[in-house]
Amino acid sequence: MTFLFTQFNRHFTHFFLQDHRRNTDFVVYNSSSIVNISHTKPCSKQTNKQTTHYSSFNSIIIHKTHHKGFSDLAKMKVFEKFKIWVLLICLISQLGYGYYLPGSYPHKYVVGDTLSVKVNSLTSIETEIPYSYYSLPLCKPQEGVKDSAENLGELLMGDRIENSPYKFKMHTNETEIFLCQTKPLSSDEFKLLTSRIDEMYQVNVILDNLPAIRYTKKDNFLVRWTGYPLGVKIQDTYYVFNHLKFTVLVHKYEETNVASVMGAGDAAETIPTVDKPGADIPGYIVVGFEVTPCSFQHNAESLKDLKMYGKYPSKISCETSTVTMGIKENQPVAFTYEVEFVESDIKWPSRWDAYLKMEGAKVHWFSILNSLMVITFLAGIVLVIFLRTVRRDLTHYEELDKEAQAQMNEELSGWKLVVSDVFRVPDHPALLCVMVGDGVQILGMAVVTILFAALGFMSPASRGTLLTGMLFFYMILGVAAGYVAVRMWRTIFIGDHKGWVSVCWKVACFFPGIAFLILFVLNFLLWGSHSTGAIPFSLFVILILLWFCISVPLTLVGGYFGAKAPHIEYPVRTNQIPREIPPQKYPSWLLVLGAGTLPFGTLFIELFFIMSSIWMGRVYYVFGFLFIVLILLVVVCAEVSLVLTYMHLCVEDYKWWWKSFFASGSVALYIFLYSINYLVFDLKSLSGPVSATLYLGYSLFMVLAIMLATGTVGFLSSFWFVHYLFSSVKLD
């Protein structure tokens with residue numbers, strides 16, 4: 001929230017006071033103080049009036065008052081309420097865009113300071129398998145290759161950030177800098193390098209936490225890319241980009257210290273700021289990082305006796321339209337670079353804007369809003385019809401006397417006849433409780449994570465924080481999973497708490513166990529490919545320790561509270577002999593599977609952008625809209641499950657437990673079919689069975705989580721509805 005408060009303070013520090021009456025005192029509410037500005041002119045007849053003017057400049061509110069008895073405490077209370085409302089308005093206005101917080105405090109560099117460039121894993125949309133930068137015959141730093149500190153999310157995403165030989169000096173332009181010349185390429189190195197070029201691998205370099213961005217022209221449009229290609233193949237000849245032109249955008253460092261003014265009554269005191277060491281030295285902050293790759297044939301004679309960071313004697317012209325450095329076996333490759341510093345008007349909070357500008361943004365907003373309106377309209381119609389039908393049945397049934405009710409029970413069919421069977425123990429009750437508990441845990445994790453991301457606490461500037469946050473919230477919400485599962489278990493068996501420990505263990509191991517199985521199989525494929533996407537064995541051990549040392553105990557704690565909590569009492573009794581279900585005109589499971597189309601309608605447009613972010617390397621940042629779509633999905637899943645449960649009860653089918661779960665959970669089937677469609681038509685270039693297996697494996701993992709979350713919403717809403725419906729009818 002630092003950036004938001006900074007902007008808020010800045011807006012409220014500068015203000016204009018305009019008044020046509022000279023006999024008025026102004027009380028200006030500032031973010032850091034309350035300043036009382038008094039006029040010495042005599043009062044007129046309008047001194048007792050109190051008016052409020054709303055300034056159009058930066059939403060400043062100026063209260064004009066002559067109430068001298070206005071105490072400091074009252075002033076502070078009004079100011080705090082006012083400040084909260086302004087902040088809420090700011091949050092609501094920014095929620096749709098999912099504004100971000102700068103990943104770290106801006107780093108001030110003095111002219112001449114050393115800037116170190118880091119390298120990340122090589123990535124490709126052709127294979128989706130990342131590799132280490134130094135797995136290829138490229139230049140290495142003099143001090144040796146060192147790994148940067150990475151969080152858990154970065155390691156799980158396959159990021160391997162390491163130091164590089166590229167070094168700059170702040171605000172010092174340099175050209176023709178010689179980096180190194182590799183040894184003559186062996187046959188294996190040549191084959192590896194050419195295969196990576198064929199697979200369109202990109203080199204990802206980072207400066208001051210900013211990935212290098214590359215601009216190319218296509219049909220008179222500028223296209224943005226992160227990273228640069230390793231090389232290119234033209235007419236059976238492979239060319240490598242061995243000269244890089246870096247452009248570093250810098251902005252003058254602005255000291256944020258502002259003198260605070262505290263006022264009480266007519267007196268004001270200025271508090272001097274504390275001078276920081278080196279604050280008076282002019283410095284710069286990095287606000288942009290661009291790269292232009294070139295292929296240049298160096299002169300072999302000029303490279304002799306050149307050491308790293310020496311100056312290449314001839315001028316290097318970086319022409320992006322021509323390539324000259326072809327690679328061959330048993331021939332070395334020389335690497336050079338140049339750097340240019342450009343002062344920019346871009347400020348620190350806006351330096352990620354270039355990365356967050358997604359192509360087709362207008363289509364994105366329009367499609368999401370259109371989907372939201374259509375689905376909301378359809379869900380509203382279903383809900384209105386449904387409520388009118390149930391309310392009519394209840395009203396008609398309760399208006400009859402006891403004899404008429406008894407006669408009605410004998411003559412009428414429908415949900416009223418399954419009153420003695422509607423709460424009969426379902427098939428596989430333990431599995432149902434386990435899946436509902438895991439669904440609560442996954443849904444809670446999704447809601448909390450997306451909300452935090454929409455508020456800017458998990459921005460793209462902080463790599464891996466989104467995945468790390470998901471793991472953290474998932475473990476913490478094990479308490480909710482254990483509580484819901486055990487309480488549902490006790491409700492199904494009418495208060496019997498035997499076996500609740502077993503249910504807790506199953507909840508703690510069901511979904512994580514399947515996830516570990518899928519990840520372990522996929523990890524074998526990545527290990528065999530020597531990819532950085534493979535989870536190290538040490539990280540596997542850490543994940544297992546987090547699972548059994550944090551998640552499992554928290555689930556048991558939640559189950560303990562669920563066992564102590566009173567179970568939900570059924571409003572009706574259940575007969576010992578089950579009622580025979582009449583034959584149905586159509587298969588009920590067919591209706592259950594078809595019910596997932598409506599929830600899928602709320603997702604499929606947003607799903608395209610999410611899939612593009614995961615598999616196409618695009619930055620996804622509109623978490624505000626994703627949060628809205630998630631809330632709408634929950635509402636639609638609940639409504640669809642309610643309608644299908646009511647329809648099954650009306651045809652005297654009292655086995656609604658599992659059907660209500662899969663009525664909304666069947667949306668996962670359509671998401672999996674959509675992922676296959678995305679693989680065939682959007683990831684056509686995905687090459688190799690390993691890449692396709694990885695894609696389908698991760699898609700299966702995602703679909704399983706969605707099925708548990710949406711199925712839980714449908715089941716809990718149907719359980720509430722059935723309990724409410726039969727508790728509203730007076731039956732003997």
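1. Glycine 310 lies in the loop that runs between β20 (283-294) and β21 (334-343). In this predicted model, glycine 310 and leucine 179 are separated by 131 residues in sequence, yet their C-alpha atoms are 7.6 Å apart in space. When residues up to four places away in sequence are not counted, glycine 310 touches Glu176, Ile177 and Phe178.

2. A second loop position that may be read alongside this is valine 111, which is found between β5 (109-110) and β6 (114-119). Valine 111 and methionine 170 are 59 residues apart in sequence, and the distance between them, C-alpha to C-alpha, is 5.0 Å. Methionine 170 also appears among the contacts of valine 111, which, with neighbours within four places in sequence left aside, are Met170, His171 and Tyr284.

3. Turning to helix packing, helix α9 (residues 465-476) and helix α12 (residues 537-564) pack at an angle of about 35 degrees, and their axes are 8 Å apart. On the α9 side the contact is made by Leu471, Met475 and Ile476, while α12 contributes Leu543, Leu546, Ile550, Ser551 and Leu554. The residues of this contact of α9 with α12 comprise seven nonpolar and one polar, with no charged residue.

4. The other helix pair to consider is helix α15 (residues 623-650) with helix α16 (residues 657-665), whose axes come within 9 Å and cross at roughly 140 degrees. The two helices, α15 and α16, are therefore oblique to each other, and α15 passes α16 in a right-handed crossing. The residues that meet are Cys637, Val640, Ser641, Leu644, Thr645 and His648 in α15 and Lys659, Ser660, Ala663 and Ser664 in α16. By class, the residues of the contact of α15 with α16 divide into four nonpolar, five polar and one charged.

5. As regards internal space, a search of the whole structure finds three cavities of 30 Å³ or more. The largest cavity has a volume of about 80 Å³, and of the 13 residues that line it, those closest to its centre are Tyr133, Leu138, Tyr166, Tyr228 and Phe335. The lining of the largest cavity is made up of twelve nonpolar residues and one polar residue, with no charged residue.

6. For a check against the coordinates, the following may be useful starting places: the C-alpha pair of valine 111 and methionine 170, at 5.0 Å; the C-alpha pair of glycine 310 and leucine 179, at 7.6 Å; and the crossing of α15 and α16, at roughly 140 degrees.

Conventions: Residues are numbered from 1 along each chain as its sequence is written. This is a predicted model: local features need pLDDT of at least 70, side-chain atom pairs count only at pLDDT 80 or more; totals for chains, interfaces and linings use all residues. Side-chain values use heavy atoms; hydrogens and water are left out. Axes are lines fitted to C-alpha atoms, for helices over the stretch in contact, and angles run from 0 to 180 degrees between N-to-C directions. Helices (H or I, at least four residues) and strands (E, at least two) are DSSP runs, numbered from the N terminus. Angles under 35 degrees count as roughly parallel, over 145 as roughly antiparallel, 65 to 115 as roughly perpendicular and the rest as oblique. A crossing is left-handed if the near helix is turned anticlockwise from the far one by less than a right angle, and right-handed if clockwise. Contact means heavy atoms within 4.5 Å. Ala, Val, Leu, Ile, Met, Phe, Trp, Tyr, Cys and Pro count as nonpolar, Asp, Glu, Lys and Arg as charged, and the others, Gly among them, as polar. On a 1 Å grid over the protein atoms alone, a cavity is a set of points where a 1.4 Å probe fits but cannot get out, and a pocket is an open set with protein on both sides within 12 Å along at least five of seven lines; lining residues have an atom within 4 Å of a point. Grid points are joined across faces, edges and corners, and a volume is the space filled by probe spheres set on the points.
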